[in-house]
Amino acid sequence: MVAAGRGERLGESRPKAFVDLGGRPLVWHALRAASGAARVTHVVVVAPDGLEGDPALAGAVAVVPGGATRQHSVANGLAVLPDDTEVVLVHDAARCLAPSELFDAVAADVLAGHDAVIPGLPVVDTLKVVDDAGLVTATPERAALRAVQTPQGFDRDVLERAHSAAVERGDTDAPDDAALVERIGLPVHVVTGHADAFKVTRPQDLLLAETVLARRAAAV
């Protein structure tokens, strides 16, 4: 679970994963969802320096410091997994309300034989490709596009190979771990994502998250 980002766009003084949502930090909610998944047995959190002992991380089996980039942080987490771990889920703590069933669905698809699995939702906006001069150069067909989420699931050997290859190439700009797998020429399978797995990035995302929490409480 990657929780080491600063989250400057959120406009808070604390690192994003430790900003409160409903009285608890985002990472607490994310850990609760991961721990509630039937197929998750071991959770490693990558945290900012100085916050490794934060009470919000009590549900993690291990906590390690983050790196200079998200890619480096994920590599730090991979390095401390038990030797017998065969399937790895990489999750952004900022997607704190991704439900437990999404973790299970992604893991099940890896166990079914896919080396790399990502959840995604159809794109509802029209997207444009724009050049440096601000001119539109293409309008991709929306039906073929997906807004990708986490957790993303991988065969451990494949993920470690993808990270090693990135280091050899000097590649540090991958937007997610699935992109690293793509860059070594292996297929990535997409499963249906979940509306609640949105990423908390801006202040309005926190308002949406509060609404989701209220809806869940009302349902209970």
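This report walks through a helix pair, a cavity and a cis peptide bond in a predicted model.

## How two helices cross

Let's start with α2, which covers residues 70-78, and α4, which covers residues 156-169. Two packed helices are described by the angle between their axes and the distance between those axes. For α2 and α4, the axes come within 11 Å and cross at roughly 135 degrees. That angle makes α2 oblique to α4, because an angle has to be over 145 degrees to count as roughly antiparallel. As for handedness, α2 passes α4 in a left-handed crossing.

So who touches whom? On the α2 side you'll find Q71, V74, A75 and L78. They meet R156, L159, E160, H163 and A166 of α4. Sorted by class, this contact has 5 nonpolar, 2 polar and 2 charged residues.

## A cavity to look for

How many cavities of 30 Å³ or more does the model have? The count comes to 1. About 40 Å³ of space lies in the largest cavity.

If you want to find that cavity in the structure, look for its lining: R70, Q71, A174, D176, D177 and L180. Two elements, α2 and α5 (177-183), each give two or more residues to this lining. Q71 is worth picking out here, since it is listed in the lining of the largest cavity and is also among the α2 residues that meet α4. By class, the lining has 2 nonpolar, 1 polar and 3 charged residues.

## A cis bond in a loop

One last stop is the peptide bond from T150 to P151. Is it cis or trans? This bond is cis, with omega near 10 degrees. To see where that puts you, follow the chain from β9 (146-148) to β10 (152-155): P151 is found in the loop between these two strands.

How values were computed. Residues numbered from 1 in each chain as written. Predicted model: local features only at pLDDT ≥ 70, side-chain atom pairs only at ≥ 80, totals over all residues. Heavy atoms only, no water. Axes fitted to C-alpha atoms, helices over the stretch in contact; angles between N-to-C directions. Helix = DSSP H or I, 4+ residues; strand = E, 2+ residues; numbered from the N terminus. Parallel < 35°, antiparallel > 145°, perpendicular 65-115°, else oblique. Left-handed = near helix turned anticlockwise from the far one by under 90°. Contact = heavy atoms within 4.5 Å. Nonpolar A, V, L, I, M, F, W, Y, C, P; charged D, E, K, R; others polar. 1 Å grid on protein atoms, 1.4 Å probe; cavity = no way out; pocket = protein on both sides within 12 Å on 5 of 7 lines; lining within 4 Å. Points joined across faces, edges and corners; volume = space filled by probe spheres on them.
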